[in-house]
There are 2 protein chains.
Amino acid sequence: MRKVYVVGVGMTSIGRHYKRSMRDLFAEATLQAIDDAKGEKPQALVVGNMLSSSMGEQDSLGALLADSAGLRGIPAFKVEAACGSGGAAFFAAYNMVASGMFDVVLVAGVEKMTEHITATVTRALAQAADAEYELFYGASFTGLNALLMRYYMEKYRVSREEMAAWPVLMHENASQNPFAQLRFKITVEQVLNAMVVADPITLLDSSPMGDGAAAVMIASEEVARKLTDTPVRVAGVGLATDSVDLSTRLELDDLAAARLAAEKAYRMAGVEAGDIDVVEVHDAFTITGLLSLEALGLAGRGEAAKLVAEGRFRPGDRPEVNLSGGLKARGHPVGATGVYQIAEIAMQLRGDFPGVKASNPEVGLAENIGGHGATISVVVLRR
Amino acid sequence: MRKVYVVGVGMTSIGRHYKRSMRDLFAEATLQAIDDAKGEKPQALVVGNMLSSSMGEQDSLGALLADSAGLRGIPAFKVEAACGSGGAAFFAAYNMVASGMFDVVLVAGVEKMTEHITATVTRALAQAADAEYELFYGASFTGLNALLMRYYMEKYRVSREEMAAWPVLMHENASQNPFAQLRFKITVEQVLNAMVVADPITLLDSSPMGDGAAAVMIASEEVARKLTDTPVRVAGVGLATDSVDLSTRLELDDLAAARLAAEKAYRMAGVEAGDIDVVEVHDAFTITGLLSLEALGLAGRGEAAKLVAEGRFRPGDRPEVNLSGGLKARGHPVGATGVYQIAEIAMQLRGDFPGVKASNPEVGLAENIGGHGATISVVVLRR
């Protein structure tokens, strides 16, 4: 396999971009990434998106978005793996450079969520679950995550207060990130007293709905040397799956796909969990972030919540976790999230992330989840 | 790039599989393909599908389908490029073997269309067009193709009778294909007298709605030698895009993306259009098949319809075209179609296609279109 490098990144702020189309958001992030790569145009495009087909009446996003940014004609297609679409798109694009077919490929994640009413979005997001075995029975995506959270709290004797430490840390980190959707700090009390969405999940355990686009340009070694003075090596990539429905999982509180994907990515990169300096994990809900840390080997089983409550994983600790603010507070434009994470980790390794900066990191990791752990990608980046 | 081979194929019959789920159809095609590859299990899966998100309430197809065929855990994701999803999925999978990351990858196309009413399917198919510049104005996908057909007939002075030769040939070929949806012969008169769907397109110019799944296993050279005595080389692959909306095309009757994709695939395979012995082109409508032959260099501009009416492209001619019966009569389970085509061409080159057999072909080609030519893939296979 050829070596692959990140040579350019771009992103829009996340929020309610009511007056801006998906094309517009995509073009902003993409033109930034192209600029960042000294103006080099990509030879191919892979788009990560979840909701455009189900909610936006638009398929064919690959061709549509390529054209919108002046890239008409290039090979382009969309990858969908629910909220894990961005990371899966990166995985496909990685192989297109590693194979030698292309020297420069653009991965872009884009999502418009806020122009629909919440009920519509909730219904569309539930398509990440199993339509026949979960959705049919009226289970919402939040409801299924509430079940996971309750199970974890009971099994490991974790208090509601301890669980609340996660969103508090996320909002603190996001308050410094100019691209974040929720840039205000919150307290444990606010988390506990917030509206209950699906018991025990409150509004402040949940990632917000937002619009946004992120873009990452990747290139072969030879081209990377020309396009940037701060290339970031894609040292390892892993993608794995699990059952979509929770009912047939071997262990409810084990994100098996994250473990499998991390094993592959670690082996490929020649690193272990202990080598990771900075990480962005997929905390669509508080429970998702905690289970991710455990599956990645960054915390023992059942220990993540208590460690966060004790003050671990903050800026200055090792690893530093979700300095962007995570899905909880940076925001979660679902199909774009995985690309935001990779762009953020690349910027941390280059030293130019505009929010809370990691402490001179060498190795970073981005973990992106589709469904309740059905499709999980892990990307290890190195300075 | 590593060399890539087709080592196994499988497909279901196309039709109204009312009692069978998407998982069931997928598993049938996949288990056939695995059997065909001496029982070898794939290391990764790429799914081609268009309508499951918009019409079937189900995202996360990669993980869902992998699990349904006993492949839980493997890397898997869905690729969407409207009706060109199958070919685009093959393109992604090709790179995953060519890169060296995987030795055996499964590409599967799957679609369930017939459990919804026609209006619902027509609406969902229209998402292949531009939502803001075409769909918003009420243009159906058939209506936009009718515009193309009328333009072609006027520009090149082609009669309605000449255009009708295409579907007549397709039904004749399909009558021998046990997997085909429409296995009856038709006459030019029947085409002309059939119900008008969108003038000048009649019902018999249009591909039917159907359910089906097709699977292709691809492998590296070393593994291919072990798994089959009749490996088929993937000699060239090309993918290209164009504007999604017809209004900004440079020339309405030029499938520019097919030209670009074919140029790449021909160059990579070291062949020219004249070397192609057998081809499956994407004839969602009569006009689409004719424009495809021209863009691939198999007929001059404006000549394809007249050549078909004169009896060219039949079994025994060179190239032999759509021996399966094409989308018109084999059927068009949209996101699966591109995978059917590649499986059919592979079987023609191996000599075991169960319908009309090509005359000792050396080089075959499959062309798959998303939208009215927005995303087009071309795959050249060699014996």
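**How the two chains meet and fold**

Modeller: Strand β3 of chain A and strand β3 (residues 76–80) of chain B pair in the antiparallel sense, over three bridges. This is a predicted model, in which local features need pLDDT of at least 70, side-chain atom pairs count only at pLDDT 80 or more, and totals for chains, interfaces and linings use all residues. Residues are numbered from 1 along each chain as its sequence is written, and chains are lettered from A in the order in which they are written.

Colleague: What makes β3(A) and β3(B) a pair?

Modeller: Two strands pair if DSSP finds at least two bridges between them. Here there are three bridges, so the pairing rule is met. In β3(B), B:K78 is the bridge partner of A:E80. Strands are DSSP runs of E, at least two residues long; helices are runs of H or I, at least four; both are numbered from the N terminus.

Colleague: How many residues does each chain give to the contact?

Modeller: Chain A gives 49 residues and chain B gives 49. Contact means C-beta atoms, placed from the backbone, within 7 Å. On chain A, elements supplying at least two residues each include α3 (61–68), α4 and β8 (232–241). That side of chain A has 25 nonpolar, 16 polar and eight charged residues. Ala, Val, Leu, Ile, Met, Phe, Trp, Tyr, Cys and Pro count as nonpolar; Asp, Glu, Lys and Arg as charged; the others, Gly among them, as polar.

Colleague: Why does the radius of gyration of chain A agree with a compact globule?

Modeller: The radius is taken over C-alpha atoms, and the globule rule is 2.2 Å times the number of residues to the power 0.38. For 383 residues that comes near 21 Å; chain A has 19 Å, so the value agrees. Its C-alpha atoms fill a box of roughly 55 × 45 × 40 Å along the principal axes.

Colleague: What share of chain A is buried?

Modeller: Buried residues make up 67% of the 383. Buried means 20 or more other C-beta atoms within 10 Å of the residue's own; exposed means 12 or fewer; partly exposed lies in between.

Colleague: What makes the largest nonpolar core a core?

Modeller: A nonpolar core is a set of buried Ala, Val, Leu, Ile, Met, Phe, Trp, Tyr and Cys residues joined through C-beta atoms within 7 Å. The largest such set has 314 residues. B:A108 is among those with the most contacts inside it. Among the residues that B:A108 touches, beyond four places away in sequence, are B:F26, B:L45, B:L65 and B:V339.

Notes: Two residues are in contact if their C-beta atoms, placed from the backbone, lie within 7 Å.
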